[in-house]
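Colleague: Got a minute? I'd like to go through this fold with you before I get back to the bench.

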Amino acid sequence: MNTQEAVVAGYTGPAAQPRRLVLRLLDGQLVLSSDVPEALARAVATYLTGPCPHARLPDGTPYTSLPSSLIAELAAHPHADGTFDILRVY
């Protein structure tokens, strides 16, 4: 499987169980992940500490931004709706 990396720039949903991740691709574009599997969401939640500012994607989707340097490994190609599957975070 071909993969790529992206910086996790934020998330949607509650910090204890993020629903989707906002990803900054290498070209700087912000995109959403597909729904984050429950086990991965719990793992991501351990990195989400303290209050963070809220922002909006260009399409108006609200999200909580992150200052961290959390990296996501993604499937190389997006779904038809432009979202990416998350394989792991580190």
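**Walking through the fold**

Modeller: The protein chain has 1 helix and 7 strands. Keep in mind that this is a predicted model.

Colleague: In what order do the elements of the protein chain run from the N terminus?

Modeller: The order is β-β-β-α-β-β-β-β. The radius of gyration is 12 Å, close to the 12 Å that the globule rule gives for 90 residues, so the chain is as compact as a globular protein of that length.

Colleague: And what box do the C-alpha atoms fill?

Modeller: Roughly 35 × 30 × 20 Å, along the principal axes. About 5,200 Å² of the chain is exposed, and carbon and sulfur atoms supply 54% of that area.

Colleague: What share of the 90 residues counts as buried?

Modeller: 42% of them. As for contacts, take those between residues at least 6 apart in sequence: 48% join residues at least 24 apart.

Colleague: Let's do the helix. Which residues of α1 are buried?

Modeller: Helix α1 covers residues 38-45, and its buried residues are L40, A41, V44 and A45. Down the helix axis they fall within an arc of 140 degrees, so they line one face.

Colleague: Why would residues three or four places apart point the same way?

Modeller: An α-helix has 3.6 residues a turn, so that spacing brings them round to the same side.

Colleague: What covers the buried residues of α1?

Modeller: The cover includes β2, residues 20-24, and β7, residues 86-89.

Colleague: Now the core. Which residues have the most contacts inside the largest nonpolar core?

Modeller: L21, L23, L74, I86 and V89, in a core of 20 residues. The elements giving two or more residues to this core are β1, β2, α1, β6 and β7. Another core lies apart from it, with 5 residues, among them V22, L32, L57 and Y63.

Colleague: Back to V89. What is V89 in contact with, beyond its neighbours within four places in sequence?

Modeller: V89 is in contact with L21, L40, V44, L70, I71 and A72. L40 and V44 are among the buried residues of α1. A72 is also the bridge partner of V89 in β7.

Colleague: How do β6 and β7 run, and how many bridges join them?

Modeller: They run antiparallel, joined by 3 bridges. β6 also runs antiparallel to β1, with 5 bridges joining that pair. In that second pairing, V7 stands opposite I71 in β6.

Colleague: Is β6 largely enclosed or open?

Modeller: Enclosed: 5 of the 5 residues of β6 are buried, so the rest of the structure largely surrounds this strand.

Colleague: Switching to β5. Which way do β1 and β5 run?

Modeller: Antiparallel, with 2 bridges between β1 and β5, residues 62-65. G10 stands opposite S65 in β5. β5 also pairs with β4, residues 54-56, in the antiparallel sense over 3 bridges. There, R56 stands opposite P62.

Colleague: How many residues sit between β4 and β5 in the hairpin?

Modeller: There are 5 residues between them, and G60 in the turn has a positive phi of about 95 degrees.

Colleague: Why does S65 count as buried?

Modeller: Its relative accessibility is 15%, and buried means under 20%, so S65 qualifies. Not counting residues up to four places away in sequence, S65 touches A9, G10, C52 and P53.

Colleague: And T64, buried or exposed?

Modeller: T64 is buried, at 10% relative accessibility. T64 lies in β5 too. Setting aside neighbours within four places in sequence, T64 is in contact with A9, G10, Y11, C52, P53 and H54.

Colleague: What separates the C-alpha atoms of T64 and A15?

Modeller: 8.7 Å, although the two residues are 49 apart along the chain.

Colleague: One more serine. Where is S33?

Modeller: S33 is in the loop between β3, residues 30-32, and α1. S33 is buried, with a relative accessible area of 0%.

Colleague: What is S33 in contact with, leaving aside neighbours within four places in sequence?

Modeller: S33 is in contact with R20, L21, L23, T83, F84 and I86. L21, L23 and I86 are among the residues with the most contacts inside the largest nonpolar core.

Colleague: Great, that gives me plenty to look at.

Key: Residues numbered from 1 in each chain as written. Predicted model: local features only at pLDDT ≥ 70, side-chain atom pairs only at ≥ 80, totals over all residues. Heavy atoms only, no water. Buried < 20%, exposed > 50% of the residue type's maximum accessible area, 1.4 Å probe, protein only. Helix = DSSP H or I, 4+ residues; strand = E, 2+ residues; numbered from the N terminus. Arc of directions from axis to C-beta. Contact = heavy atoms within 4.5 Å. Core = buried A, V, L, I, M, F, W, Y, C linked by side-chain atoms within 4.5 Å. Pairing = 2+ DSSP bridges. Rg over C-alpha atoms; globule rule 2.2 N^0.38 Å. Areas by Shrake-Rupley, 256 points an atom, 1.4 Å probe, with all protein chains shown as cover.
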